[in-house]
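Visitor: I'd like a close look at one spot in this model, please. Could you start there and then work outward?

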Amino acid sequence: MAAQRKAAVVGGGLAGLMTAMKLAEAGHKVQIFSLVPVKRSHSVCAQGGINGAVNLRGEGDSPYLHFEDTITGGDFLNHQPPVMRMAERAPAIIYLLDRMGVPFNRTAEGVLAFRRFGGTLKHRTAYAGATTGQQLLYALDEQVRRYEASGQIEKFEGWEFTSLIKDEQGRCRGLTAQDLRTMKIESFPADAVVMATGGNGVVFGRSTNSIINTGSPVSICYQQGAHYGNPEMIQIHPTAIPGEDKCRLMSESVRGEGGRVWVPKDPTDERKPFDIPEGDRWYVCEELDPVYGNLLSRDIVSFIIYCTCRMGRGYKGGQQVFLDISHLHHKKGMTRELITDKLGGVLDIYKKFMREDPIDHPMRIYPAVHYTMGGLWVDFEKGHEGALDIESHRNQATNIPGLYAAGECEYQYHGANRLGANALLSCLTGGELASQGVLAYFQNMEVSTEDLASSVADDAQLEQQSRYDTIMRSDGTENPYGLLAELQETMWNNVGIWRLQKDLIGAQGTLDELTERSKQCAVIDAGAWSNQAAPFTRTLQHMIEMSKAVVAGAINRNESRGAHFKLDTPQRDDDQWLRTTRATWTEKGPELDLDEKVDCSYIAPRARKYKVNQHSIVTKIMGDDFFEKNVAPQVGDAAGK
Amino acid sequence: MGRTVRIKILRQDGAANESHWDVFEIAHREKMNVVSALMEIRKRPSTTEGKDVVPPAWEAACLEEVCGSCTMNINGRVRQACTAMIEELCEVEGDAYVLTLEPMKKFPLVRDLIVDRSRMFEGLIKVKAWVPIDGSYDRGAAPPQDDSIRKLRYKLSECMTCGCCMEACPQVNADSEFIGASALGQTLLFNLHPVGSSLKGDRYDYITSEEGITNCGNAQNCAKACPKELPLTQVIAQLNRDTTVHKLREWIGLAG
């Protein structure tokens with residue numbers, strides 16, 4: 001066996017734990033750094049399931065079809081070889097989880113049950129009740145605990161990643177992190193570092209993400225030279241329960257089972273929603289598209305709801321519309337038991353937070369940011385017949401040697417939009433592939449942690465200490481939590497569903513302002529024990545730097561593709577934009593390059609088939625002359641920037 | 001409408017410091033939960049006496065009751081802060097909802113509302129809460145399993161290590177080593193798995209130690225406090241039977 005090496009994994013969700021387990025199994029030492037006990041990572045929030053084309057129902061399903069659905073779902077912005085690898089690995093990964101004891105739903109014979117999910121016609125999704133993510137995370141957590149018990153894996157829970165350690169050659173040689181109780185910043189030399197830190201939904205405020213999903217670790221790597229791929233690609237889910245603290249997802253299955261989206265024709269209608277008669281309701285999706293109605297795609301439904309509320313036609317004039325299943329029981333005579341059987345888990349969440357039973361009351365919902373398709377840019381290498389060469393050290397590798405990334409924090413698998421039930425899968429196959437990449441990297445490594453000059457690690461630690469001390473010595477007056485709310489308003493209003501070039505450019509100015517103000521935060525906690533405000537100030541600064549890349553990517557991408565819809569350029573443009581947005585951080589702002597063409601070696605891009613599109617929605621809801629009045633005509637060719 | 005929320009929070013900078021109460025008042029909004037209230041306070045952390053203070057420290061992550069982070073005592077009862085809706089939990093005095101927040105008391109205090117629950121995770125190592133698979137390489141599907149057993153396992157597997165059962169249990173205290181109901185639930189979860197059951201003997205040996213099941217005084221608070229409604233009292237009853245049989249088999253030389 002090769003010499004034992006040491007790897008650091010940042011993030012203890014599905015991707016991080018998979019990577020850690022695989023590296024430990026190969027005989028190496030692993031240190032896991034996580035803000036929270038790994039069992040509390042955001043992976044627990046995934047409800048629906050995990051895709052894998054096992055074809056247990058004689059439907060002729062295959063990994064190839066799964067691949068195809070993923071690519072079409074991503075609107076052709078995802079590189080095809082890694083996606084093919086993901087689809088091919090999916091069945092084996094699901095069987096592995098089964099062996100680990102995940103309580104997947106089973107058939108009468110006792111084998112795994114699969115269900116249908118968005119974006120496909122096949123029964124391809126394995127699930128464990130309504131908490132598949134929680135169950136998968138726990139299974140990995142348990143296996144990692146075995147290695148923890150034997151001393152091969154060490155966890156640093158309640159530690160915040162603060163920087164990479166890079167040597168003179170630019171290689172990643174470890175990291176620095178801060179203990180969030182003692183506030184001590186330490187350096188941790190490692191032979192390789194794997195980032196697995198999830199998405200950045202918190203930047204947008206109205207998000208289904210856990211409050212730990214700030215994207216800060218990705219921003220740190222980006223600021224230290226890692227490329228950031230497709231930052232502008234952010235998935236917005238149409239139906240979430242709006243909340244002050246966070247939005248909670250109402251699964252797509254509610255619409256699938258007959259849920260209807262409507263608002264009162266008179267927004268000031270004072271009657272109880274259930275009592276508003278049919279004639280006084282506006283079924284906005286059904287009116288815009290009588291064929292698909294409420295089953296229009298995620299991005300379209302989000303857009304319709306947004307436009308409706310923007311015109312002051314949301315319920316009570318606010319940012320809310322109804323998602324209604326009350327007719328199922330009260331008009332169609334479906335029994336409560338049957339409805340509960342189909343939608344129980346989802347309805348429980350609504351009851352828990354809104355204290356109303358959706359079987360009797362229309363649900364109040366609004367779109368929310370749900371998933372970050374963009375992330376750290378990672379590489380892949382093709383071998384035999386154009387398939388992924390799994391022995392290559394380049395797979396899942398960032399442009400910084402020794403730095404890898406897996407899961408939602410990297411950009412590789414979902415293109416411009418993610419397919420339902422592919423998130424958990426990409427965490428696991430990405431984590432597996434990252435571990436293989438790291439193993440290949442270890443084999444050819446000429447250096448090791450032992451011969452890292454202690455000054456390199458010390459300097460990195462001192463730099464972070466000094467940054468923290470600056471925050472603790474600030475004489476400013478801004479409240480960092482107040483600034484977060486401003487950042488979230490800016491991002492949601494200008495870079496969310498509704499993207500207009502002039503708004504995006506305006507947001508750039510606001511972000512520059514916020515950058516300065518975030519350096520003027522008051523020391524609202526001077527304590528040296530379990531201080532939350534000071535590390536948060538640092539996180540906020542990182543969130544702002546990351547937001548600049550998101551905005552720049554959206555400004556630059558002069559087309560509409562997947563989740564990125566820009567009113568100024570409503571069409572997809574494959575001639576010019578079948579390219580990755582790759583951002584490099586500079587002090588003056590992100591620099592973007594478009595040198596990388598999307599690898600379409602398996603299937604050629606084809607058009608999406610929509611009955612309505614965002615353009616026609618705007619003219620219908622906001623008036624025929626909306627574009628003339630509000631959108632400046634596009635001049636010139638911006639693609640060549 | 002136009003009500004406020006008066007929030008009384010037990011503050012303590014660290015285990016060695018004195019504790020004191022701070023009272024905050026914020027505007028109430030419809031369907032406000034305790035986490036939203038805490039978020040509001042930290043934007044302008046001044047007490048009702050007009051004193052600027054450090055924002056209270058608290059933990060949270062998923063905010064939909066699956067991660068287990070935000071457990072605390074709310075109006076005297078242990079639960080998750082994210083699902084604690086102020087309108088329902090609080091008495092109204094004048095035009096204010098009255099809310100009292102305290103940290104859990106059965107775990108070492110870290111700061112304000114944060115406690116150290118690492119003993120719960122250590123408990124999972126003690127009961128070997130895992131399936132001892134040979135390795136993570138491709139080895140095909142797991143053996144078929146009865147869906148009715150799967151249903152019970154699923155229920156037990158919803159345990160999010162939040163600590164409510166420990167906080168509510170009179171037998172978990174400074175003088176006892178009791179591992180608590182949560183880890184016992186996980187013991188049964190893995191004993192019920194066809195491969196996980198191979199470690200049954202080890203688990204029985206541990207849960208019959210002085211940290212184990214005999215500490216249970218059958219107060220049944222655990223099942224009442226569990227936000228996921230795990231059948232913890234049945235779990236303990238089942239394990240009592242199982243360990244007795246195990247000891248008996250051991251005694252007549254049948255157990256390995």
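Guide: Sure, let's start at His542(A), which is buried with a relative accessible area of 4%; buried here means under 20% relative accessible area, exposed over 50%, and partly exposed in between, using a 1.4 Å probe and protein chains only. Keep in mind that this is a predicted model, where local features need pLDDT of at least 70, side-chain atom pairs count only at pLDDT 80 or more, and totals for chains, interfaces and linings use all residues. Residues are numbered from 1 along each chain as its sequence is written, chains are lettered from A and ligands numbered from 1 in the order in which they are written, and side-chain values use heavy atoms, with hydrogens and water left out.

His542(A) sits in helix H15, residues 533-556 of chain A. Helices (H or I, at least four residues) and strands (E, at least two) are DSSP runs, numbered from the N terminus. So what does His542(A) touch, not counting residues up to four places away in sequence? You'll find Ser216(A), Ser219(A), Ile220(A), Gln223(A) and Arg467(A) there, with contact meaning heavy atoms within 4.5 Å.

Now hop over to Met491(A), in helix H13 (residues 480-495). Met491(A) is buried too, with a relative accessible area of 0%. Leaving aside neighbours within four places in sequence, its contacts include Ser547(A), Val550(A) and Val551(A), along with Val203(A), Phe204(A), Gly496(A) and Leu511(A). Take Phe204(A): this residue and Met491(A) are 287 residues apart in sequence, yet 5.4 Å apart in space, C-alpha to C-alpha.

Across chain A, 73% of contacts between residues at least 6 apart in sequence join residues at least 24 apart. Buried residues make up 65% of the 641 in the chain.

Helix H8, residues 298-310, is worth a stop as well: its 13 residues reach 18 Å from first C-alpha to last, close to the 18 Å expected at 1.5 Å a residue, where the expected span is 1.5 Å times one less than the number of residues. H8(A) is mostly covered, with twelve of its 13 residues buried, among them Arg298(A), Asp299(A), Phe303(A) and Tyr306(A). Just after H8(A), Gly312(A) takes a positive phi of about 75 degrees.

Zooming right out, chain A has 18 helices and 21 strands. The radius of gyration is 24 Å, close to the 26 Å that the globule rule gives for 641 residues, so chain A is as compact as a globular protein of that length; the radius is taken over C-alpha atoms, and the rule is 2.2 Å times the number of residues to the power 0.38.
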